[in-house]
Amino acid sequence: MRLETNQLTEQQKKEIYELVTICNKTDRLHGNAFLEQELNVYSDVPCFFLYYDNKNLVSFLSLFFSCVNEVEISAYTHPDYRRQGHFSNLLCCALSLLKSLPIKRILFMTEPHCNHTIKTLSSLHAKYLYSDYSMTLFRNCPYILSELDFSLSLANEEDFKVLSSIHSEAFGVEKNISKDFVLDIFSQDSVLCYKFLLKNNIIGFCNVLQNASSIFLFGICIKKRVQNQGYGGIMMKFLLNDLLLLKKSITLQVNSLNIPALHLYQRLGFSSTICFDSYSIENKCF
């Protein structure tokens with residue numbers, strides 16, 4: 001039985017985590033499934049695909065829409081059910097759904113030593129692009145701050161125009177993509193957006209997604225014209241000092257091509273815990 005949904009039940013999440021645990025043990029991997037659909041740009045589109053055999057979950061595929069024209073695909077299949085077409089079945093369903101969306105690039109995410117997945121991607125003529133590092137903060141004490149002209153506070157919808165502009169310039173994406181990103185952030189109850197100010201002018205922002213035990217940081221950016229002046233580090237110290245009080249695990253993800261950000265997070269006390277390789281396939285190939 002195949003199931004498609006954009007909202008998982010707690011039982012389904014439990015079954016997915018159990019499947020991932022089995023796959024990781026067999027393949028000697030360390031990753032986990034990202035099941036926070038709140039961050040998907042297309043929040044109403046089915047992004048989770050599950051295949052059951054006699055009520056047992058044997059294959060799972062997820063879609064993560066980080067922006068309107070790109071999607072990341074991750075998948076897990078029980079070792080006893082591989083080479084039986086279950087992944088292909090779920091992938092075909094997902095690709096059929098993508099035809100109705102303006103997706104230009106499809107990214108497949110896998111850990112570097114997952115040989116059977118790499119073989120599958122090779123058969124799909126996927127090309128390696130870059131790696132993403134999942135980083136965890138290993139620090140308990142607050143950072144020392146002496147800067148007086150800076151402040152950090154929660155953003156609101158009145159900041160929409162400024163935040164959209166900062167995001168577009170910082171990440172080099174189209175303005176409409178940045179507008180959709182910021183609008184989606186404000187629409188999520190589980191996400192908090194913090195704005196960073198220098199003398200009452202917004203020069204950056206960061207988003208925080210948290211659950212009962214962990215915090216995930218994303219969309220971290222500083223206004224382009226004031227980058228490379230140490231402001232990113234100051235913003236992160238302000239934010240982390242607040243978050244450390246919550247006594248939760250703090251993680252973020254950084255692209256291997258973004259060397260300045262990688263070095264900044266390392267200086268702050270973040271260490272890489274998991275590496276994911278990204279393989280690209282143009283949507284027209286399907």
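By class, five nonpolar, three polar and four charged residues line the second largest pocket of this predicted model. That mix is a handy place to start, so to speak, and the pocket itself comes next.

## The second largest pocket

There's about 170 Å³ of space in this second largest pocket. Two elements each give two or more residues to its lining: helix α1, residues 10–27, and strand β3, residues 56–67. Which of the elements gives the largest share of the lining? That's α1, with six residues. If you want to pick the site out in your viewer, the lining consists of Q11, K14, E15, E18, L19, I22, K55, N56, L57, V58, H78 and Y81.

One of those lining residues, V58, also turns up in a long-range pair. V58 and L268 are 210 residues apart in sequence, and their C-alpha atoms are 40 Å apart in space. L268 belongs to helix α7, and with a relative accessibility of 4% it counts as buried.

P260 sits in helix α7 too, which spans residues 259–268. Is P260 buried or exposed? At 58% relative accessibility, P260 counts as exposed. Its C-alpha is 22 Å from that of Y128, with the two positions 132 residues apart in sequence.

## Aromatic rings

Now for the rings. Searching the whole structure turns up eleven aromatic pairs. A pair of aromatic rings is described by two things, the distance of the centres and the angle of the planes. Here are two of the pairs side by side.

| Pair | Centre distance | Plane angle | Type |
|---|---|---|---|
| Y42 and F65 | 5.1 Å | 90 degrees | edge-to-face |
| F48 and F60 | 6.2 Å | 20 degrees | stacked |

Why is the Y42 and F65 pair called edge-to-face? Because the planes of the two rings stand at 90 degrees, and the cut-off for that label is over 60. This pair links distant parts of the chain: Y42 is in the loop between α1 and β2, F65 is in strand β3, and they're 23 residues apart. Y42 counts as buried at 15% relative accessibility, and F65 counts as buried at 0%.

The F48 and F60 pair gets the stacked label because its planes are at 20 degrees, and stacking asks for under 30. It links distant parts of the chain as well, with F48 in strand β2, F60 in strand β3 and twelve residues from one to the other. F48 is buried at 2% relative accessibility, and F60 is buried with a relative accessible area of 1%.

Strand β3 is worth a second look, then: it holds F65, it holds F60, and it gives two or more residues to the lining of the second largest pocket.

Elsewhere, five phenylalanines group into one aromatic cluster: F34, F64, F181, F216 and F218. There's a charge-over-ring contact to check out as well. The charged end of R139 sits over the ring of Y143, at 3.9 Å from the ring centre.

## Cysteines

How many disulfides does a search of the whole structure find? Zero. C92 is in no disulfide, and its nearest cysteine sulfur is that of C93, 7.0 Å away. At 53% relative accessibility, C92 counts as exposed. C221 isn't in a disulfide either; in its case the nearest cysteine sulfur belongs to C193, 8.4 Å away. C221 is buried, having a relative accessible area of 4%.

## Two lysines with positive phi

Last up is the backbone. Most residues other than glycine have a negative phi. K199 has a positive phi of about 50 degrees although it is not a glycine. You'll find K199 in the loop between β8, residues 191–198, and β9, residues 201–210. With 59% relative accessibility, K199 counts as exposed.

What is phi of K247 near? It's near 60 degrees, again a positive value in a residue other than glycine. K247 is in the loop between α6, residues 231–244, and β11, residues 249–255. Its relative accessible area is 74%, so K247 is exposed.

How values were computed: Residues are numbered from 1 along each chain as its sequence is written. This is a predicted model: local features need pLDDT of at least 70, side-chain atom pairs count only at pLDDT 80 or more; totals for chains, interfaces and linings use all residues. Side-chain values use heavy atoms; hydrogens and water are left out. On a 1 Å grid over the protein atoms alone, a cavity is a set of points where a 1.4 Å probe fits but cannot get out, and a pocket is an open set with protein on both sides within 12 Å along at least five of seven lines; lining residues have an atom within 4 Å of a point. Grid points are joined across faces, edges and corners, and a volume is the space filled by probe spheres set on the points. Helices (H or I, at least four residues) and strands (E, at least two) are DSSP runs, numbered from the N terminus. Ala, Val, Leu, Ile, Met, Phe, Trp, Tyr, Cys and Pro count as nonpolar, Asp, Glu, Lys and Arg as charged, and the others, Gly among them, as polar. Rings of Phe, Tyr and Trp (its six-membered ring) pair if their centres lie within 6.5 Å; planes under 30 degrees apart count as stacked, over 60 as edge-to-face and the rest as tilted. Buried means under 20% relative accessible area, exposed over 50%, partly exposed in between (1.4 Å probe, protein chains only). A charge sits over a ring if NZ of Lys or CZ of Arg is within 6 Å of the ring centre and within 35 degrees of the ring normal. A disulfide is a pair of cysteine sulfur atoms within 2.5 Å.
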